[in-house]
Amino acid sequence: MDQQNRYFPILLLAFLFASISVKAQNEIAFKKIVIDKTYISSAATTADIDRDGIVDIVAGDVWYKGPDWKKYEIRPAGAYYNTTVDPTRPMGSGARYWARSIGNYTKDLDGDGWLDVITFNSQGSPCYWYRNPQKNYDQLWQEYMAIELFHNESPQMVDLFGDGEPVVLAGNHIGDGKYTLSWFTPKADPKELWEPHVIGHPDNFDFKVSYRNTEYYAPGGRGHGLGIGDINGDGIQDVITAQGWYQGPKEGMKKENWAFHRVALDTLADPEKIHLLFAQMFADDFDGDGDNDIIAGSAHAYGLWWFEQVQKDGKIDFIKHEIAMDMSQLHAMNAVDLDGDGKLEFVTGKRYFAHLGKDPGAFDPAVLAYVKREIDDGGKLKMKAHLIDDDSGSGTQIWITDLNEDGKPDVLTSNKKGTHLFLQK
């Protein structure tokens, strides 16, 4: 059957996706490949680890050698590997419930020509980097601590300064119950902790963002929700958080303590929930009016929104628009032009049993979907969610790459249902 005539099987979840278009010609089809059926990580990435010209997969404790996906350990696999998720087990029942990996990235950190692995354990714990053993893959990789206690469950490695050199962006615990939002640079000595550069410090705000009234953090320095994008249209990347955005300085980009513009997107999304938890956040001009809007989904409740940028009293403000309110635990998001039309789509998914069945919608299908902007019959913009899969979901990171080099972006996820690759047809 010709690809354009295939009907994507979203009717099975029509009760969940009232906002999803069922027009076959609008669907982007994927082939699902199960890399690993068991829980090993909440994040995954791709890279040519062994320099054989074939893309491999990294998922927390392990990497899978392409194209057959043979598994090798980077560090000893945690007790959560090969375990079955039990929703009757109390949440505080120990580390077997959470994998030690909510973000994976690769970079040649020691300059030896081989890609090393950066792994964020879980927020409130260390971020490590692992030195590539250069084909000695039957041994564990040498481990170095990069950040002692990072925070925010959406840590990222992004080209913040537009110089082609991605940096780590995350919260940083500095003691006394305080967390800054910072970007980090490695030291020459691999045994030294990476140097933090403070974007936001909790002492610099006239409002307090707190956790249980004992810990205080700069917006983005703790909790959930983080991203980058040019909000004010000056051509410089800003940092987006659930409570507002930090303006990238025009001069001395790498200076500390960026100007903060408070816009409570979390409260705007749901006025009944203070500090609603988002996943990764992205900025793009959805409505074509020349300024960048923001998209975000709820990490531990129902909801996916886009926020339209407007001017209010001479300042940047936002208006909320609902995309899909029938998807829950959208704990990861990534952006890519999936269909080659020059416009970004946004891939998001449910973090299966993020809180062991305690979140709203926890027992709904583990969906993975993409959001595409469309124009309805009245000429009005509609941001619509389209189903990719209903039995995988996402973890805390969605990775997008053209793995099979056919010119079409593919999607990789890892969570309690295993590690899954979706090759675009």
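# Close-up views of a predicted model

**Figure 1. Surroundings of Asp61.** Beyond residues up to four places away in sequence, Asp61 touches Ile40, Tyr72, Glu73, Ile74, Arg75, Pro76, Ala77, Gly78, Tyr80 and Arg100; the model shown in this and the following views is a predicted one. Asp61 is located in the loop that runs between strand 3 (56–59) and strand 4 (62–65), and because its relative accessibility is 0%, where buried means under 20%, Asp61 counts as buried. The side chain of Asp61 is engaged in a polar contact of 2.7 Å with the side chain of Arg75, and a polar contact of 2.7 Å also links the side chain of Asp61 to that of Tyr80. Although Asp61 and Leu140 are 79 residues apart along the chain, their C-alpha atoms are separated by 9.9 Å.

**Figure 2. The hairpins of strands 3, 4 and 5.** Strand 3 pairs with strand 4 through 3 bridges in the antiparallel sense, and within this pairing Ile57 stands opposite Tyr64 of strand 4. The hairpin made by these two strands has 2 residues between them, and Gly60 adopts a positive phi near 65° there. Strand 4 is in turn joined to strand 5 (residues 70–73) by 4 bridges, again with the two strands running antiparallel, and Glu73 in strand 5 is the bridge partner of Val62. In the hairpin of strand 4 and strand 5, where 4 residues lie between the strands, a positive phi near 65° is found at Trp69. Glu73 is also among the residues that Asp61 touches.

**Figure 3. The loop position of Ser125.** Ser125 is placed in the loop between strand 7 (116–120) and strand 8 (127–131), and with a relative accessible area of 14% Ser125 is buried. Leaving out residues up to four places away in sequence, Ser125 touches Glu148, Leu149 and Phe150.

**Figure 4. The largest nonpolar core and the contacts of Val239.** The largest nonpolar core contains 20 residues, and those with the most contacts inside it are Leu160, Leu169, Leu181, Ile199, Val239, Tyr246 and Trp258. Two elements, strand 11 (167–175) and strand 12 (178–185), each give two or more residues to this core, and strand 12 provides the largest share, namely 3 residues. When neighbours within four places in sequence are left aside, Val239 is in contact with Leu160, Leu169, Leu181, Ile199, Leu226, Gly227, Ile228, Gly244, Trp245, Tyr246 and Trp258. Another core, which lies apart from this one, has 18 residues, among them Ala324, Phe346, Val367 and Ala385. As a general background to such views, nonpolar side chains in soluble globular proteins tend to be buried together.

**Figure 5. An open sheet of 4 strands.** The strands of this open sheet follow the order 20-21-22-23 and pair in an antiparallel manner. Strand 20 (282–284) and strand 23 (315–328) are the edge strands, and each has a single partner strand, so one side of each remains without a neighbour in the sheet. On average, and with direction ignored, neighbouring strands of this sheet are turned by 20° against each other. Strand 22 (residues 302–312) and strand 23 run antiparallel and are joined by 10 bridges, and Phe307 stands opposite Lys320 of strand 23.

Key. Residues are numbered from 1 along each chain as its sequence is written. This is a predicted model: local features need pLDDT of at least 70, side-chain atom pairs count only at pLDDT 80 or more; totals for chains, interfaces and linings use all residues. Side-chain values use heavy atoms; hydrogens and water are left out. A nonpolar core is a set of buried Ala, Val, Leu, Ile, Met, Phe, Trp, Tyr and Cys residues joined through side-chain atoms within 4.5 Å. Buried means under 20% relative accessible area, exposed over 50%, partly exposed in between (1.4 Å probe, protein chains only). Contact means heavy atoms within 4.5 Å. A polar contact is a pair of N or O atoms within 3.5 Å; within protein, one must be able to donate a hydrogen and the other to accept it, and residues adjacent in sequence count only if both atoms are side-chain atoms. Two strands pair if DSSP finds at least two bridges between them. Axes are lines fitted to C-alpha atoms, for helices over the stretch in contact, and angles run from 0 to 180 degrees between N-to-C directions.
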